[in-house]
Amino acid sequence: MPQTTAPHFLLLTQTHSNSDSADQGGTWRFVLEEIGSTERIEVTEHEPGLWGERLQLLAVVRGLEALEQPSRVTLITPSRFVGNGIRIGISLWKENGWQWENFDQMSPIKNCDLWRRVDQAMQFHRITCRIWDFDAPEPERSRPSARNRISFGEIQTARQLSFSGSSLSHEGLADRIKPVGQGRAFGYVPN
């Protein structure tokens, strides 16, 4: 586990799958930026034949593996699957030999190869995961109100405030970007 003097990075991940055909695969993207620095790494790649949870997890793995030294990482992802896996899944899966109980039978963990790479990264980096809804494909009636929805501009504002040493309390952003396991999923708080 890195010491508190380790550099602090913001890792944003995003994926997009072609809705017309799963065979065409999807695209993953990560942005890695050191807090207090203007330098950033952005990588986007298309993966034929991959979509969904594996694509989401691959974006996180590639972002974590881009770090050159033990670091503190704030991961911002739209994937509750990834967030819950990092928060509680990995420790349970390791205890059970990378398996989980499914209807009284032990079954292999889906995407185990990628989860093991995340676990390896967690041996060097301290990772905090937050869920953020980039563009949820939910019906309009179930979407959060405009007041509770977090825009990319607000994330940028929060990032700039953290660079200047200010808190995320600006415009209530700290209340709307939740760590996994607090509030509602996707980083918003209902009215």
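Which residue in S3 stands opposite Gly-26? In this predicted model, the partner of Gly-26 is Glu-47. The views below start with that strand pair and work through the sheet, the helices, the cores and a loop.

**View 1. The S2–S3 hairpin, with its antiparallel pairing.** S2 and S3 (residues 40-47) run antiparallel and are joined by 8 bridges. Gly-26 faces Glu-47 of S3, and Glu-33 faces Arg-40, also in S3. Between the two strands sit 5 residues, and here Gly-36 picks up a positive phi near 90 degrees.

**View 2. An open sheet of 5 strands.** Read across, the strand order is S3-S2-S1-S4-S7, with mixed pairing. S3 and S7 are the edges, each having a pairing partner on one side only. From one strand to the next, the twist averages 15 degrees.

**View 3. Helices H1 and H2 against the sheet.** H1 lies across S1, S2, S3, S4 and S7, and its direction is about 150 degrees from that of S1. H2 packs on the sheet too, where it touches S4 and S7 and makes an angle of about 145 degrees with S7.

**View 4. H1 on its own, a helix of 14 residues.** How far apart are the end C-alpha atoms of H1? They are 20 Å apart, which agrees with the 20 Å expected for 14 residues at 1.5 Å a residue. Plenty of this helix is tucked away: Leu-55, Leu-57, Leu-58, Ala-59, Val-60, Val-61, Gly-63 and Leu-64 are buried. As a reminder, an α-helix has 3.6 residues a turn, so residues three or four places apart point the same way.

**View 5. The largest nonpolar core, 28 residues in all.** Inside this core, the residues with the most contacts are Leu-11, Leu-64, Leu-75, Ile-86, Trp-115 and Val-118. S1 (8-17), S2 (26-34), H1 (52-65), S4 (72-77), H2 (80-95), H3 (112-122) and S7 (126-131) each chip in at least two residues. H1 gives the most, with 7 residues. Leaving aside residues up to four places away in sequence, Leu-64 touches Leu-11, Val-73, Val-118, Ala-121, His-125 and Ile-127. Apart from the large core there is another one, of 5 residues, including Leu-10, Leu-12, Ile-76 and Trp-132. In soluble globular proteins, nonpolar side chains tend to be buried together.

**View 6. Thr-77, a buried residue with polar contacts.** Is Thr-77 of S4 buried or exposed? Thr-77 counts as buried because its relative accessibility is 1%, under the 20% cut-off. Its side chain makes a polar contact with the side chain of Thr-13, at 3.3 Å. A polar atom of the Thr-77 side chain also lies 3.1 Å from the backbone nitrogen of Ser-79.

**View 7. Phe-103 and Asp-104 in the S5–S6 loop.** This loop links S5 (99-102) to S6 (105-108), and Phe-103 sits in it, as does Asp-104. Which sign does phi take at Phe-103? Phi of Phe-103 is positive, near 55 degrees, and phi of Asp-104 is positive as well, near 65 degrees. Most residues other than glycine have a negative phi. Phe-103 counts as exposed because its relative accessibility is 78%, over the 50% cut-off. Asp-104, with a relative accessible area of 69%, is exposed too.

Conventions
Residues are numbered from 1 along each chain as its sequence is written. This is a predicted model: local features need pLDDT of at least 70, side-chain atom pairs count only at pLDDT 80 or more; totals for chains, interfaces and linings use all residues. Side-chain values use heavy atoms; hydrogens and water are left out. Helices (H or I, at least four residues) and strands (E, at least two) are DSSP runs, numbered from the N terminus. Buried means under 20% relative accessible area, exposed over 50%, partly exposed in between (1.4 Å probe, protein chains only). A nonpolar core is a set of buried Ala, Val, Leu, Ile, Met, Phe, Trp, Tyr and Cys residues joined through side-chain atoms within 4.5 Å. Contact means heavy atoms within 4.5 Å. The expected span of a helix is 1.5 Å times one less than its number of residues. Two strands pair if DSSP finds at least two bridges between them. Axes are lines fitted to C-alpha atoms, for helices over the stretch in contact, and angles run from 0 to 180 degrees between N-to-C directions. A polar contact is a pair of N or O atoms within 3.5 Å; within protein, one must be able to donate a hydrogen and the other to accept it, and residues adjacent in sequence count only if both atoms are side-chain atoms.
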